[in-house]
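Colleague: Got a minute to go through this one with me? I'd like to start with what the words mean.
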Amino acid sequence: MGTTEDFEEFARVQIPRLYRTAWLLAGDRHHAEDLVQETLANLLKVWHRIESPGAYARTALVRTYISQRRRKSWSERPTGDVPDVAERAGDPELRMALQSALAELAPLDRAVLVLRFFEDRSVEQVALDLGKKTSAITTRTARALDRLRAVLGEGADQLIAL
């Protein structure tokens, strides 16, 4: 059985990766932080029973994201002062274009693309994580990429830079 100390160490190591995935899914810093927090809280409840905590956490994160998107409160946005933003490497315009394009996809399509291409997971792994057939994931991937290319236009070729 996993101990609380094991969980704390796991969380310390995995938070950056979970946050990156959550940000790509949610497209918003605040929602990404909420997703990671809710995922870790749910993970702690079952920590002593799970065999593969990394895979469980990623699956729980995506399922939490999809579940939250179905709620009416998802469209709420915080207002007030704009926080200081750290400078990041890479092309910020391309990053914003990708974020905007991903926001136009259905939640499940967005989850499939993030897991496949940003988390570098196989079709079989994504199908297992989302409880779908591999053929459904292949079809969703192709359609979502077509939509993404249509939204990004010429900028689609530059996504490799991210």
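Modeller: Sure. Buried means under 20% relative accessible area, exposed means over 50%, and partly exposed is in between, with a 1.4 Å probe and protein chains only. This is a predicted model, where local features need pLDDT of at least 70, side-chain atom pairs count only at pLDDT 80 or more, and totals for chains, interfaces and linings use all residues. Residues are numbered from 1 along each chain as its sequence is written, and side-chain values use heavy atoms, with hydrogens and water left out.

Colleague: OK, W47 then: buried or exposed?

Modeller: W47 counts as buried, at 10% relative accessibility.

Colleague: And how many aromatic pairs are there?

Modeller: The count comes to 2. Rings of Phe, Tyr and Trp (its six-membered ring) pair if their centres lie within 6.5 Å; planes under 30 degrees apart are stacked, over 60 edge-to-face, and the rest tilted. F7 and W47 make an edge-to-face pair, 5.3 Å centre to centre with 80° between the planes. F7 is in helix α1 and W47 in the loop between α2 and α3, so this pair ties together parts 40 residues apart in sequence. Helices here are DSSP runs of H or I, at least four residues, numbered from the N terminus.

Colleague: What about F10 and W47?

Modeller: Their ring centres are 5.3 Å apart with the planes at 45°, so that pair is tilted. F10 is also in helix α1, 37 residues from W47. Both F10 and W47 are buried, and F7 is buried too, at 9% relative accessible area. F7, F10 and W47 form one aromatic cluster.

Colleague: Switching to the core. Which residues touch the most other members of the largest one?

Modeller: L40, L43, V62, I66, L130 and I137, out of 31 residues in that nonpolar core. A nonpolar core is a set of buried Ala, Val, Leu, Ile, Met, Phe, Trp, Tyr and Cys residues joined through side-chain atoms within 4.5 Å. Helix α1 gives the largest share, 8 residues.

Colleague: Why does this core lie between the domains?

Modeller: Domain 1 (1–79) and domain 2 (90–161) both give residues to the core, so it lies between them. Those bounds come from an automatic or database domain assignment.

Colleague: Is that the whole story, or what else is there?

Modeller: There's a second, separate core of 8 residues, including L98, L102, L148 and L152.

Colleague: Back to L43. What does L43 touch?

Modeller: Leaving out residues up to four places away in sequence, L43 touches F7, F10, I50, Y56 and A57. Contact means heavy atoms within 4.5 Å.

Colleague: Now Q99. Where is Q99 found?

Modeller: In helix α4, residues 92–103. Q99 counts as buried at 16% relative accessibility, and with the same sequence neighbours set aside, Q99 touches W23, G27, D28 and R110.

Colleague: And V151, which helix is that in?

Modeller: α7, residues 134–152. V151 is partly exposed, at 39%. Its C-alpha is 5.9 Å from that of A101, 50 residues apart along the chain. Beyond neighbours within four places, V151 is in contact with A101 and E104.

Colleague: Last one: what is the phi of D120?

Modeller: Near 55°, a positive value in a residue other than glycine. Most residues other than glycine have a negative phi. D120 lies in the loop between α5 and α6 and counts as exposed, at 68% relative accessibility.

Note on methods:
Helix = DSSP H or I, 4+ residues; strand = E, 2+ residues; numbered from the N terminus.
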